[in-house]
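Work through these exercises with the model open beside you. Try each task before reading its solution.

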Amino acid sequence: MIERSIQNAYLDSIYHAKKFIYIENQFFISATGDKDSFVCNQIANALYERIERAHKEGANFRVVVFMPLLPGM
């Protein structure tokens with residue numbers, strides 16, 4: 001069984017965000033649903049869907065994903 005509690009927490013937080021999302025993660029990697037991708041989590045797809053929902057609602061919504069230039073330094 002694959003442990004997905006952190007991924008599930010990200011997905012739930014993204015879905016329920018009201019005004020903004022701020023993610024700071026030096027090893028952020030995700031995919032948007034490409035079946036040929038070796039990345040299995042769907043955080044980027046959840047971000048896309050949340051941004052799209054805010055746009056359709058005409059909501060003032062912001063997303064910031066902060067990653068360092070050199071991860072692990």
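**Exercise 1. Ala54 and the core**

Which residues does Ala54 touch, not counting residues up to four places away in sequence?

Solution. Start with the ground rules. This is a predicted model, in which local features need pLDDT of at least 70 and side-chain atom pairs count only at pLDDT 80 or more, while totals for chains, interfaces and linings use all residues. Residues are numbered from 1 along each chain as its sequence is written, and side-chain values use heavy atoms, with hydrogens and water left out.

Next, apply the contact rule: heavy atoms within 4.5 Å. Ala54 touches Ala59 and Phe61.

Now widen the view to the largest nonpolar core. Such a core is a set of buried Ala, Val, Leu, Ile, Met, Phe, Trp, Tyr and Cys residues joined through side-chain atoms within 4.5 Å. Buried means under 20% relative accessible area, exposed over 50%, and partly exposed in between, with a 1.4 Å probe and protein chains only. The largest core has nine residues: Ile14, Ala17, Ile21, Ile23, Ile43, Ala46, Leu47, Ala54 and Phe61. Helix α2 gives the most to this core, with four residues.

**Exercise 2. Helix α2**

Check the length of helix α2, then find what its buried residues pack against.

Solution. Helices are DSSP runs of H or I with at least four residues, strands are runs of E with at least two, and both are numbered from the N terminus. Helix α2 covers residues 43-57, which is 15 residues. The expected span is 1.5 Å times one less than the number of residues. That gives 21 Å for α2, and its end C-alpha atoms are 21 Å apart, so the two agree.

List the buried residues: Ile43, Asn45, Ala46, Leu47, Arg50 and Ala54. They pack against α1 (5-16), β1 (20-24) and β2 (62-66). After the helix comes Gly58, with a positive phi near 70°.

**Exercise 3. Charges**

How many salt bridges does a search of the whole structure find?

Solution. The test is a side-chain nitrogen of Lys or Arg within 4 Å of a carboxyl oxygen of Asp or Glu. The search finds one. The side chains of Glu57 and Arg53 meet at 3.8 Å, N to O. Both residues lie in α2, four residues apart, about one turn of the helix. An α-helix has 3.6 residues a turn, so residues three or four places apart point the same way. Glu57 is exposed, at 53% relative accessibility, while Arg53 is partly exposed, at 27%.

Then look for charges over rings. The rule asks for NZ of Lys or CZ of Arg within 6 Å of the ring centre and within 35 degrees of the ring normal. Arg53 lies over the face of Tyr15, 4.8 Å from the ring centre. Arg50 lies over the face of Phe61, 4.1 Å from the ring centre.

**Exercise 4. Gln7 and Val64**

Is Gln7 buried or exposed? Which residues does Val64 touch, not counting residues up to four places away in sequence?

Solution. Gln7 sits in helix α1. Its relative accessible area is 16%, so Gln7 is buried. Leaving aside neighbours within four places in sequence, Gln7 is in contact with Cys40, Asn41 and Gln42.

Turn to Val64, in strand β2. Val64 is partly exposed, with a relative accessible area of 39%. Val64 touches Ile21, Tyr22 and Ile23. Val64 and Phe20 are 44 residues apart in sequence and 8.0 Å apart in space, C-alpha to C-alpha.
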